[in-house]
Amino acid sequence: MTVAPLRKRSAWMALQDHHQKIEGVHLRQLFAEDAKRGERLAAEAVGIYLDYSKNRITDETLKLLLQLAEQSGLRERIDAMFSGAKINVSEGRAVLHVALRAPRNASILVDGRNVVPDVHAVLDKMAAFANRVRGGDWKGHTGKRIRNVINVGIGGSDLGPVMAYEALKHYSERSMNFRFVSNVDGTDFAEAVQDLSAEETLFIISSKTFTTLETMTNAHTARDWLLAGLKADEKAIAKHCVAVSTNAEEVAKFGIDTDDMFGFWDWVGGRYSMDSAIGLSTMIATGPDNFRAMLDGFHQMDEHFRTTPFERNLPVLMGLLAVWYNDFFGAQTVAVLPYEQYLKRFPAYLQQLTMESNGKHVTLDGTRVDYDTGPIYWGEPGTNGQHSFYQLIHQGTRLIPCDFIGFGHTLNPLGRHHDILLANVLAQTEALAFGKTREEVKAEGTPDWLVPHRLFEGNRPSNTLLLDRLTPGALGKLVALYEHSVFTQSTIWQIDAFDQWGVELGKVLAQRIVPQLESATEPKLEHDSSTNNLIRRYRRMKGSA
């Protein structure tokens, strides 16, 4: 399908005209004119209820946004992704995170080969290993069982496992400790091992190439720490380290038995890899059954996205609304606000998923875009955020669309806590939408001089996502929902959501600067004057010059 440039699509031009007509329409008016709006503008699928009625949209807005999806070739792009087409154009790769959670009997082809059996072979190997560690059958060098698991990775090899561990902590093996090291700042490693015994510690080194600077720096520090703590030779490493990688040669050189290497594929992007072998720490923490339940949740949302008409398709609706605010209202950020303490790392996880995917300035064919892409995603769990940044959302000068996530049941029932928590979800979305008028403020007896300070304009848009409870399956559904919303946005913008060249330049330059910082003699510097000066100053600070 040939897709016209974004600004030349008829639906886009119609949306521009439509936006001018409804930009000043208040949500108070939209709800007053439609008594059933709150029930009508909602969709439900695979256990997620989405109320999108508190958005600055009309039926005409939705119609035009859906037309934009059709004119952008979204259906064809979805089919291409699920069929294994190489839609990551800049790297010539298929994009098949959906294969990571496909059932055993599925068939998904990459270059004519069904990859699903390979996926399940790795999952089975992970499950066998996880059960050995959890059951105490995997012993360390001195014969003690493993009680501490430390995942060493960065980016997608860290954010996914950290988020999943925190989200599913309720289901984790509490007799074990799970920690995560990602930052090359030595403090991260030092604090992670501070109170641990090497005899009882297993490191999972997660690096596809086994050459990532930050990860391998931490991995070699882990290696030294183990050998010092075990007072052993290098053969002991194989009892305390396993690898998630595809580079068998480097894994073996490190001292890890390649039988204890868990692989994945070049059609798995880092930020889409938490349900691959990168999730080994998650599986050890929660057990294989819970991990597979999470995969089933992913798959249910995949199938919903693949098969459901766009007007009832949760990721499509959320993706289109994100485009609406980003490109027509000029909203630069989106707040994700989970009212569930276990999801405290979910916004941080979404930052990589959304901004590494859609932070692009050229289209698929390399043409510079002339519209905004990739809003900034951020957030904190409620109710904590209410006492920090909600002030700006309610009364600030910036429009910040919000996603509120709530659950009907808590995993830790304690008296009235959950009712109060959910009351805050509902109250915040109501306050953001409708605010408080000047007349309402004055009717409370507020002095005229104070009225402007207590006025709430409202008309601040939000989505509300409600699920029954935070189970492994529910987590999978939520992550897949945002994955496919990101894909929907990228399709509208005609950008490649699956490469990340913007990450590379700084990494390359860092590799050049490291030896200049460590050189025993004054290095020849050929950077800009600022960088040269900073290198020299750091060398003086550390006593090298």
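Helices H20 and H21 are oblique to each other, and this pair is a good place to start looking around. Their axes cross at roughly 40 degrees, which falls outside the range under 35 degrees that would count as roughly parallel. Please keep in mind that this is a predicted model. The protein chain has 21 helices and 13 strands, and the points below visit a few of them along with some single residues.

**The pair H20 and H21**

- Helix H20 covers residues 504–518 and helix H21 covers residues 529–541, and their axes come within 9 Å of each other.
- The crossing of H20 past H21 is right-handed.
- On the H20 side, the residues that meet H21 are Ile513, Gln516, Leu517 and Glu518. Their partners in H21 are Thr531, Ile535, Tyr538 and Arg539.
- Sorted by class, this contact of H20 with H21 has four nonpolar, two polar and two charged residues.

**The chain as a whole**

- With its 21 helices and 13 strands, the protein chain has a radius of gyration of 25 Å, close to the 24 Å that the globule rule gives for 545 residues, so it is as compact as a globular protein of that length.
- Taken along the principal axes, the box filled by the C-alpha atoms is roughly 75 × 60 × 55 Å.
- How many of the 545 residues are buried, as a percentage? Buried residues make up 54% of them.
- Take the contacts between residues at least 6 apart in sequence: 73% of these join residues at least 24 apart.

**Two more helix pairs**

- Two packed helices are described by the angle between their axes and the distance between the axes.
- Helix H6 (residues 116–135) packs with helix H12 (residues 288–307) at an angle of about 150 degrees, and their axes are 10 Å apart.
- Why are H6 and H12 described as roughly antiparallel? Their angle is about 150 degrees, and angles over 145 count as roughly antiparallel, so the pair gets that description.
- From H6, the contact takes in His120, Leu123, Asp124, Met126, Ala127, Ala130 and Asn131. From H12, it takes in Pro288, Phe291, Arg292 and Leu295.
- The contact of H6 with H12 is made up of seven nonpolar, two polar and two charged residues.
- Helix H5 (residues 74–82) and helix H19 (residues 472–493) have axes 10 Å apart and pack at an angle of about 125 degrees. That angle makes H5 oblique to H19.
- H5 passes H19 in a right-handed crossing.
- Leu74, Arg77, Ile78 and Met81 are the H5 residues in this contact, and they meet His484, Phe487, Thr488 and Thr491 of H19. By class, there are four nonpolar, three polar and one charged residues here.

**Residues with many partners**

- Is Thr215 buried or exposed? Thr215 has 1% relative accessibility, so it counts as buried.
- Thr215 is part of helix H9, which spans residues 213–230. Leaving out residues up to four places away in sequence, Thr215 touches Val152, Gly153, Ile154, Ile205, Ser206 and Ser207.
- Phe434 belongs to helix H16 (residues 417–434). Beyond its neighbours within four places in sequence, Phe434 is in contact with His26, Leu27, Arg28, Phe31, Lys54, Gly458 and Asn459.
- Phe434 and Arg460 are 26 residues apart in sequence, while their C-alpha atoms are 8.0 Å apart in space.

**Backbone details to look for**

- Most residues other than glycine have a negative phi, and most peptide bonds are trans.
- Where can you find a cis peptide bond? One joins Gly382 and Thr383, with omega about 10 degrees.
- Thr383 sits in the loop between strand S11 (376–378) and helix H15 (390–395).
- Asp111 is not a glycine, yet its phi is positive, near 55 degrees. Asp111 lies in the loop between strand S3 (109–110) and strand S4 (113–114), and with 65% relative accessibility it counts as exposed.
- Lys231 also has a positive phi, near 50 degrees. The loop holding Lys231 runs between H9 and strand S8 (241–244).
- Lys231 has a relative accessibility of 76%, so it counts as exposed.

Note on methods
Residues numbered from 1 in each chain as written. Predicted model: local features only at pLDDT ≥ 70, side-chain atom pairs only at ≥ 80, totals over all residues. Heavy atoms only, no water. Axes fitted to C-alpha atoms, helices over the stretch in contact; angles between N-to-C directions. Helix = DSSP H or I, 4+ residues; strand = E, 2+ residues; numbered from the N terminus. Parallel < 35°, antiparallel > 145°, perpendicular 65-115°, else oblique. Left-handed = near helix turned anticlockwise from the far one by under 90°. Contact = heavy atoms within 4.5 Å. Nonpolar A, V, L, I, M, F, W, Y, C, P; charged D, E, K, R; others polar. Rg over C-alpha atoms; globule rule 2.2 N^0.38 Å. Buried < 20%, exposed > 50% of the residue type's maximum accessible area, 1.4 Å probe, protein only.
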